[in-house]
Amino acid sequence: EDAGEPEEIRLQFSPQRFPYVVTKPIHPLQNIIERERIVVLRLHPNRELMQLIFSFGPDVEVLQPSSLREQMKEMLER
């Protein structure tokens, strides 16, 4: 299965959760935008990643890609 190029995924964390994500990275190659509490990943969005994002509950917001944001929103609404 050809998954294409990895996508840039931007996650914004609450002030309370952000320090945890910095000290316990989601992915070894994540980049941090400190002042905005954003974690940037270059990955293929998949079910495992979505479950990990859901585990942060209301402390995270998917900023991009919009397709991942919409997919997760639909799952929450179900």
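The buried residues of helix α2 are covered by several elements, including β1 (7-13), β3 (38-43), β4 (60-64) and α3 (66-77). This is a predicted model, and helix α2 is a good place to start reading it. The helix spans residues 47-54, and L49, M50 and I53 are buried there. Looking down the axis of α2, one finds these buried residues within an arc of 100 degrees, so they line one face of the helix. On the other side of α2 sit R47, E48 and Q51, which are exposed. The start of α2 has a polar contact too: a side-chain oxygen of N46 comes to within 3.1 Å of the backbone nitrogen of E48.

**The largest pocket**

Helix α2 also takes part in the largest pocket. Rolling a probe the size of a water molecule over the atoms shows where empty space is left. The largest pocket holds about 230 Å³ of space. Its lining is made up of I53, F54, G57, V60, E61, V62, R69, E70, M72, K73 and L76. At least two lining residues come from each of α2, β4 and α3, and α3 gives the largest share, with 5 residues. If you are thinking about the chemistry of the lining, the classes are 6 nonpolar, 1 polar and 4 charged residues.

Two residues of this lining, I53 and V60, can be followed further. I53 is one of the buried residues of α2, and V60 is in contact with I53. V60 itself belongs to strand β4. With a relative accessible area of 15%, V60 is under the 20% cut-off and therefore counts as buried. Leaving out neighbours within four places in sequence, V60 also touches L11, Q12 and F13. The C-alpha atoms of V60 and F13 are 4.5 Å apart, although 47 residues separate the two along the chain.

**Strand β3 and the residues around it**

Where does V39 lie? It is part of strand β3, and its relative accessible area of 0% makes V39 buried. Beyond its sequence neighbours up to four places away, V39 touches I9, R10, L11, F13, F18, V21, Q30, N31 and I32. Its C-alpha atom is 6.4 Å from that of Q12, a residue 27 places away in sequence.

One of the contacts of V39 is Q30, found in the loop between α1 (18-23) and β2 (31-33). Q30 counts as buried, at 12% relative accessibility. Not counting residues up to four places away, Q30 touches V21, P25, V39, V40 and L41. With V21 there is a polar contact as well: a polar atom of the Q30 side chain lies 3.2 Å from the backbone oxygen of V21.

**Loops and backbone geometry**

Most residues other than glycine have a negative phi, and most peptide bonds are trans. Against that background, two places in the backbone deserve a look. R37 is not a glycine, yet it has a positive phi of about 60 degrees. R37 is placed in the loop between β2 and β3, and it is partly exposed, with a relative accessible area of 27%. The other place is the peptide bond from Q64 to P65, which is cis, with omega near 5 degrees. P65 is in the loop between β4 and α3.

R37 is also touched by S14, which makes contact with D59 too once residues up to four places away are set aside. S14 is in the loop between β1 and α1 and counts as buried, at 11% relative accessibility.

E36 shares its loop description with R37: it is found between β2 and β3, and it is partly exposed, with a relative accessible area of 34%. The C-alpha atom of E36 is separated by 22 Å from that of E70, which is 34 residues away along the chain. E70, for its part, is one of the residues lining the largest pocket.

For quick reference, here are the C-alpha separations mentioned above.

| Residue pair | Separation in sequence | C-alpha to C-alpha distance |
|---|---|---|
| V60 and F13 | 47 residues | 4.5 Å |
| V39 and Q12 | 27 residues | 6.4 Å |
| E36 and E70 | 34 residues | 22 Å |

Terms used: Residues numbered from 1 in each chain as written. Predicted model: local features only at pLDDT ≥ 70, side-chain atom pairs only at ≥ 80, totals over all residues. Heavy atoms only, no water. Buried < 20%, exposed > 50% of the residue type's maximum accessible area, 1.4 Å probe, protein only. Helix = DSSP H or I, 4+ residues; strand = E, 2+ residues; numbered from the N terminus. Arc of directions from axis to C-beta. Contact = heavy atoms within 4.5 Å. Polar contact = N/O pair within 3.5 Å; in protein donor to acceptor, adjacent residues only side chain to side chain. 1 Å grid on protein atoms, 1.4 Å probe; cavity = no way out; pocket = protein on both sides within 12 Å on 5 of 7 lines; lining within 4 Å. Points joined across faces, edges and corners; volume = space filled by probe spheres on them. Nonpolar A, V, L, I, M, F, W, Y, C, P; charged D, E, K, R; others polar.
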